[in-house]
Amino acid sequence: MIKVEHLAKRYADVYAVNDISFEVHQGEIVGLLGPNGAGKTTTMRILTCYMPATSGSANVAGYDVFRESINVRKQIGYLPENVPLYPEMRVREYLLFRAKLKKLPSRERKSKIDECIEKCSITEVQNQIIGTLSKGYRQRVGLADTLVHDPKILILDEPTIGLDPNQIRQVRQLIKELGAKHTILLSTHILPEVEMLCERVIIINKGKIVAMDTPTNLAIQLRAGNNLVLEVRGNGEKIKNALTNIKSVKKVVWQDKGEISNFTVEAEKGADVREDVFSNIVKNNGIIREMKQASITLEEIFHQITMREQEVTT
Amino acid sequence: MTSTGTIFQRELNAYFLSPIAYVVIAVFMVFSGYFFSVMLGLTQETTLRYSLAYTQFILSILTPVITMRLMAEENKTGTIEPLMTAPVTDFEVVFGKFLAAWALYNVMIAPTTFYIAFLAWVGNPDYGAIIASYIGLILMGGLFVSIGLLVSAVTKNQIVAAVIGIVALLILLVIGLASAGNEGWLYSTLKYIGTYDHWETFTKGIVDTRDVVYYVSFTALLLFIVVRIVESRRWR
């Protein structure tokens, strides 16, 4: 649905986006993740035809963003960062205006607007003046606007920024529901959001793509090996030797606390040693009090990737 | 062009949802009423010619107040982004906004038609000259609005847009006035560029094609430039 090839955008001498290529397939929810100023908004503005790229090409729903901009714009629903709205208009009036602008046939307008108002739970404020709405409602009015012409693709720039935790949950829930019908590209710098919503993550930093995968795969890729954390009652020395002898185990760290020992077992990349570890401990008369996988969070991945980049560049 | 209508409707509503329309109309009525009564008293002539000559100054000041928000506000609040990512062309947006501001301008001058009724009551006015004056007034409004729109498109600040717009319109008025009665290519050029000379022909009751062409082509040129400016975000 979205195909980006070697896209670059230069402001004066600074590249905001530098040679990025990625694809978003139909029905996917893809997260564009990166620190502030990484080029997320610029990428989205190019995809929504707000500004052209300096070089490279982008294809949205089968149309070129530069040459067939009007066609592209008919296919997308775009929620810009901070959701700019006309404060003097009423919610319903605004949605009607947007529906007309987006060339929704007049006989469909009312039913479509009603549907969007209901979907975004803004029924109670539909006749209120936008200027008097809270941030959460404004965000949902913005979302209703992106949906009003039933676009194939939704491009959402920081859809949950500035909301309180309850509102964030509501908006995320809504996005998740929308994912069933629409292809979604969203940007954020909030990591749990990506983990929760996205099937795929594109991490960009300083205008370049530094990683692209599913959130879980990213975690696997980034870990040097799988780490298991264990708490075991029994003979520490014996157990340690047994664990070290397991084939895929690279390293065992033993912390002796008398009767109870703590182990950190580092396995080779991709190897699952949990069952071997279990049977070896049992064989040596150990009792496992706790065994858990030390999962690396996306937060760590993000930090590692963006920091690694910095080390390379400096 | 369908979007032009949509934009036009929204912009015109926005004027009447904010105090701008009412303030501008009220201020205009106060001054035009003052000039009308004073000139009528002075000249004892049943014509709008003299009072409308003065209204030109008021219009030069009030029109930029009408147009200042057109683009500047969208640039400032960022609403330009959802607007321009909707399937509308830059021209449709610019033209819709132009028509809305021009419509408000015409609403603003509409109450002055009451003076015609008054003149008809006290004497026998020359209706031909009055109709010509209004044609001139409306055409001049188009030019004024397009200048204001141009200034509004280059800034994010409404006050700046209004001030520069007022200065530009007054300059345009003054170069015509100052060149009156002088000879030479420079003066005749300035006189041609300035609005005053063209406008005066209308108040005399003459609808000259040259003056109509002046207003219409000048307005079209400015609108063309505004479209380019709006477009320029694409290559800036």
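Here is a walk through how chain B and chain A meet, followed by a look at the domains of chain A. Keep in mind that this is a predicted model.

Let's start with the interface itself. Chain B puts 26 residues into the contact, and chain A puts in 24 residues. People often express how big an interface is through the accessible area that disappears when the parts come together. Here, about 2,500 Å² is buried between chain B and chain A, with 57% of that area coming from carbon and sulfur atoms.

Now for the polar side of things. The rule picks out two salt bridges across the interface of chain B and chain A. One of the salt bridges to look at pairs B:Glu81 with A:Arg45, where the closest N and O atoms sit 2.9 Å apart. Eleven residue pairs are also found in polar contact across the interface, both residues being at pLDDT 80 or more.

So which elements of chain B give two or more residues to the side that touches chain A? They are helix H1 (2-17), helix H4 (69-77) and helix H5 (80-84) of chain B. H1(B) gives the most, with nine residues on that side. As for chemistry, the residues of chain B that touch chain A split into ten nonpolar, ten polar and six charged.

Finally, step back to chain A on its own. Its domain assignment gives domain 1, covering 2-220, and domain 2, covering 224-293. Taken over C-alpha atoms, the centres of domain 1 and domain 2 of chain A are separated by 46 Å.

Definitions and conventions:
Residues are numbered from 1 along each chain as its sequence is written. Chains are lettered from A and ligands numbered from 1 in the order in which they are written. This is a predicted model: local features need pLDDT of at least 70, side-chain atom pairs count only at pLDDT 80 or more; totals for chains, interfaces and linings use all residues. Side-chain values use heavy atoms; hydrogens and water are left out. Contact means heavy atoms within 4.5 Å. Buried area is the accessible area (1.4 Å probe) that two parts lose on being put together, summed over both. A salt bridge is a side-chain nitrogen of Lys or Arg within 4 Å of a carboxyl oxygen of Asp or Glu. A polar contact is a pair of N or O atoms within 3.5 Å; within protein, one must be able to donate a hydrogen and the other to accept it, and residues adjacent in sequence count only if both atoms are side-chain atoms. Helices (H or I, at least four residues) and strands (E, at least two) are DSSP runs, numbered from the N terminus. Ala, Val, Leu, Ile, Met, Phe, Trp, Tyr, Cys and Pro count as nonpolar, Asp, Glu, Lys and Arg as charged, and the others, Gly among them, as polar. Domain bounds come from an automatic or database domain assignment.
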